[in-house]
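Here is a friendly walk through one structure. Please keep the 3D view open as you read.

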Amino acid sequence: MAISERAAQLKASGRPTISFGAGEPDFPTPAHIVEAAIAAARDPRYHHYTPNAGLPELREAVAAATLRHSGVTASGRQVLITNGGKQAVYLGLAALLDPGDEVLIPAPYWVTYPEATALSGGVPVPVVADETAGFKVTVGQLDAAATPRTKVLVFVSPSNPTGAVYSPEEVQAIGRWAGERGIWVLTDEIYQQLVYGGIAAASIATVPELEDRWLIVNGVAKTYAMTGWRLGWLVGPADVIKGASNHQSHMTSNVNNIAQRAALAGLTGPTEPIEEMRRAFDKRRQTMHGILAKMAGVTCVEPEGAFYCYPGLEAHLPRFGTSMGVASYLLEEADVAVIPGEAFGTDGYARLSYALNDDDLEEGLDRMGQALERAQD
Ligand SMILES: Cc1ncc(COP(=O)(O)O)c(C=O)c1O
């Protein structure tokens, strides 16, 4: 927040600030989705409340997409349409947690996980994944962190902020471990379709040992460049979904009817626009990773998914103290905004999003590289 605010201030004062902070695609929503929303806005049938859990046709389309992309069979009754993946995370944890229940959260983590855990009276337990392990936690680490109070493991692959994607074998091993210990898995699959290099992101919900102790979080925000439309979903056992739906009913009621029709167009429409965005991200991923990996005092694991790099800044810590210190230096000296790793539970790193245009991406990285080189002199 501090970096974003200062970056906005500098930009407003006329400085040529380039921000790598974006947590959303820079593309517009594909035209066929926008057209569906316009048609819905013109049709009085969509001017009213929908069932709290969502339009039946959208719940069915989400169930079909869950089978297509996650390999998990669920009925429309097992789907709750939510105000973004963020609300799905919160409602899923709220449905599962009793006060004092512990939630294993692999770090670096998306900051909402510990906050949503705490809001439900749960206790977040970060499990720090090592850079040398590609920022992926191991069964051994999870087992060491688990206690009799462990209720849920939050699993996210591809990951925000690291872009790490667990291999099918790693997913199986972690799912089996959770299943054998009776631990629920909340799997956040929002970046599932943004994977590169010919790999696929396996869903942990397919692991048989988990039986029905899984909840899938997903949504249209990242895949369809629809962050502002606020539409996500939670899929899981019918009783948990019913509980989460009751909760949502008294908080916010159904999601915006027009946005639901737009999401339906996304899920059932052509896939070329999605593939085009994915290819553009892949190109930028390679550019960014290639430049970061050669930068003075910087290490960089190659990300395989999402739209982030998570470089290590260890060599710069003696001078700047923390990654917040490095980020402040880069902002003041190079007009480049990066998100310090403290925001994701791991100091010594920074998150750079490649969801920005090619010119800014290269110019920003060039300035960053020069500033870090000067810092080492
Ligand atoms: C890992 C992860 N999950 C879920 C979300 C939620 O997305 P939304 O609430 O916009 O659907 C985000 C957004 O940044 C994210 O990074």
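In what order do the 3 strands of the open sheet lie, and is their pairing parallel or antiparallel?

## A small tour of the sheet

Keep in mind that this is a predicted model. The open sheet runs in the order β9-β12-β11, and its pairing is antiparallel. At its edges are β9 (308-309) and β11 (339-340), each of which pairs on one side only.

If you would like to trace one pairing by eye, try β9 with strand β12 (residues 350-353): they pair in the antiparallel sense over 2 bridges. A handy residue to click on is Tyr308, whose bridge partner in β12 is Ser353. As background, strands of a sheet pair through backbone hydrogen bonds, either parallel or antiparallel.

## Around the ligand

Now turn to the ligand, which sits in the largest pocket. Which residues surround the ligand? They are Gly84, Gly85, Lys86, Trp110, Tyr113, Asn160, Asp188, Ile190, Tyr191, Ala221, Lys222 and Arg230. By character, this shell divides into 5 nonpolar, 3 polar and 4 charged residues. Helix α4 (residues 84-96) supplies the largest share of the shell, with 3 residues.

Several polar contacts are worth finding on screen. From the backbone of Lys86, an N or O atom lies 2.9 Å from an oxygen atom of the ligand. Asn160 uses its side chain: a polar atom there lies 2.7 Å from a ligand oxygen atom. Arg230 also takes part, with an N or O atom of its side chain 2.7 Å from an oxygen atom of the ligand. How much of the ligand does the protein bury? Taken alone, the ligand exposes 400 Å², and the protein buries 92% of that.

## Backbone features to look up

Some spots in the backbone deserve a look, and a little context helps. Most residues other than glycine have a negative phi, and most peptide bonds are trans.

The peptide bond from Ala107 to Pro108 is cis, with omega near 0 degrees. You will find Pro108 in the loop between β3 (102-107) and α5 (112-119). Another cis peptide bond leads from Asn160 to Pro161, where omega is near 20 degrees. Pro161 belongs to the loop between β5 (150-156) and α7 (168-181). Asn160, just met at this cis bond, is also one of the residues surrounding the ligand.

Finally, where is Ala306? Look in the loop between α10 (272-293) and β9. Ala306 is not a glycine, yet it has a positive phi of about 60 degrees.

How values were computed:
Residues numbered from 1 in each chain as written. Predicted model: local features only at pLDDT ≥ 70, side-chain atom pairs only at ≥ 80, totals over all residues. Heavy atoms only, no water. Near = heavy atom within 4 Å. Polar contact = N/O pair within 3.5 Å; in protein donor to acceptor, adjacent residues only side chain to side chain. Areas by Shrake-Rupley, 256 points an atom, 1.4 Å probe, with all protein chains shown as cover. 1 Å grid on protein atoms, 1.4 Å probe; cavity = no way out; pocket = protein on both sides within 12 Å on 5 of 7 lines; lining within 4 Å. Sits in = over half its atoms within 2 Å of the grid points. Helix = DSSP H or I, 4+ residues; strand = E, 2+ residues; numbered from the N terminus. Nonpolar A, V, L, I, M, F, W, Y, C, P; charged D, E, K, R; others polar. Pairing = 2+ DSSP bridges.
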